[in-house]
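This report describes a two-chain model for a reader who has the sequence and coordinates at hand.

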Amino acid sequence: MLIDWNNFSPWTGLAGGAIIGVASAIFVLFNGRIAGICGILGGLFRPQKNDIYWRLAFIVGLMIAPLIWQLFLPLPIIYIEASNGLLAITGFVVGISTRYGSGCTSGHGVCGISRLSPRSFIATLAFMFAGFVTVFIVRHVFDYELGFKLDL
Amino acid sequence: MQKHFSNIIALLFSLLSGTIFGLGLIIAGMANPAKVLAFLDLAGLWDPSLALVMSGAIGVGLVAFALAKKRSTSFLGLKMHLPSLRIIDKRLVIGGLTFGIGWGLSGICPAPAFVLLGTGATKAIIFVVFMLIGMEIFEKIESYRKKVSAY
């Protein structure tokens, strides 16, 4: 295994992670809610009284984060390699499967594991495993072994 | 009036949590799909950063959720909504696996998708729109299944 020492960022990784933890802590301790983005979004599709605005407020918070950041610092490099078509397909797959599996990286990966939920451990293992295998197939099986690049 | 005021406070905390969450993702580099994919690429030049992001978040989260589990109401007096489901079923595993495939192909999961949307990236708009369509279709299928099983 080769580690990409030029891009590996342990300190900002840990610090950013801790900040994500603080955000989840505030949300559960003050609002009594799990900071799982799919769960927050999911409730908007079968709206109930007094159950809409707190969801929208959290989502708006995520969206204004880069704007607030830019008041002080330029945004770090962001690179989306996937084509528009692939983004449409993967967006759809992510939407349907995070609802079907009751959670994503934030809900299961951060909050669920912090709650010591066995369901979330299993879900996190499942999406990490599938993510590793998918990237391996796209980047190494097609590109190097089969001799052509999957043009995604 | 009192109730109205406490609702607004709760909304502000919600907005604050979302904003801090988003800033954390940016600092961690996780708003950059290329960095997420570099973590998932074990056989290439591997960037382990995402594992440290998870560790940092869970380190703080463990304390917060241990405290949250002991409480019946939040600091603002709201009901605690903690999941109670315990069963590990097919849905959980299949949903996790297919989500992982989508995540591995794009490098984007739902929270960073909204941070990316805030940067105005066209590609993020496409991803989010189709993610919402996917969620809407999930709801349609669920309500259809419920109707069928009610007979």
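The sections below treat confidence, chain B, the contact between the chains, the nonpolar core and selected residues of chain A.

**Basis and confidence**

The model is predicted: local features need pLDDT of at least 70, side-chain atom pairs count only at pLDDT 80 or more, and totals for chains, interfaces and linings use all residues. Residues are numbered from 1 along each chain as its sequence is written, while chains are lettered from A and ligands numbered from 1 in the order in which they are written. The model scores ipTM 0.95 and pTM 0.95. The average pLDDT of chain B is 95, and 99% of the residues score at least 70; pLDDT is the predictor's confidence in each residue, from 0 to 100.

**Chain B**

Chain B contains 6 helices and 1 strand, arranged from the N terminus as α-α-β-α-α-α-α. Its radius of gyration is 19 Å, well over the 15 Å that the globule rule gives for 151 residues, so chain B is more spread out than a compact globule. That radius is taken over C-alpha atoms, and the globule rule is 2.2 Å times the number of residues to the power 0.38. Helices (H or I, at least four residues) and strands (E, at least two) are DSSP runs, numbered from the N terminus. Along the principal axes, the C-alpha atoms of chain B fill a box of roughly 55 × 50 × 35 Å.

Of the 151 residues in chain B, 50% are buried. A residue is buried if 20 or more other C-beta atoms lie within 10 Å of its own, exposed if 12 or fewer, and partly exposed in between, with C-beta atoms placed from the backbone. Helix α2(B) is largely enclosed by the rest of the structure, because 7 of its 8 residues are buried. These are P33(B), K35(B), V36(B), L37(B), A38(B), F39(B) and L40(B). Among the contacts in chain B with a separation of 6 or more, 40% are between residues 24 or more positions apart; two residues are in contact if their C-beta atoms, placed from the backbone, lie within 7 Å.

**Contact between the chains**

In chain B, 103 residues are in contact with 106 residues of chain A. The elements that give two or more residues to this side of chain B are α1 (2-28), α2 (33-40), β1 (45-46), α3 (49-69), α4 (90-106), α5 (110-118) and α6 (122-150). The greatest contribution is that of α1(B), with 18 residues. By class, the side of chain B that touches chain A has 69 nonpolar, 26 polar and 8 charged residues. Here Ala, Val, Leu, Ile, Met, Phe, Trp, Tyr, Cys and Pro count as nonpolar, Asp, Glu, Lys and Arg as charged, and the others, Gly among them, as polar.

The chains also share a strand pairing: 2 bridges join strand β1 (residues 2-3) of chain A to β1(B), and the two run parallel. Two strands pair if DSSP finds at least two bridges between them. In this pairing, L2(A) stands opposite L45(B).

**Nonpolar core**

The largest nonpolar core has 91 residues, and those with the most contacts inside it are L62(A), L25(B), A111(B), A113(B), V115(B) and F127(B). Helix α1 (residues 10-31) of chain A gives the most to this core, with 11 residues. Such a core is a set of buried Ala, Val, Leu, Ile, Met, Phe, Trp, Tyr and Cys residues joined through C-beta atoms within 7 Å. Not counting residues up to four places away in sequence, A111(B) touches I37(A), L62(A), T105(A), S106(A), F21(B) and L25(B).

**Loop residues of chain A**

The table gives the burial of four residues.

| Residue | C-beta neighbours within 10 Å | Class |
|---|---|---|
| A35(A) | 29 | buried |
| S9(A) | 20 | buried |
| S102(A) | 23 | buried |
| L116(A) | 12 | exposed |

A35(A) lies in the loop between α1 and α2 (37-42) of chain A. Leaving aside neighbours within four places in sequence, A35(A) is in contact with residues including F27(A), C111(A), S17(B) and F21(B). S9(A) lies in the loop between β1 and α1 of chain A, and beyond four places in sequence S9(A) contacts G29(B) and S49(B).

Most residues other than glycine have a negative phi. S102(A), in the loop between α4 (84-100) and α5 (105-114) of chain A, has a positive phi of about 55° although it is not a glycine. L116(A), in the loop between α5 and α6 (118-145) of chain A, has a positive phi near 60°.
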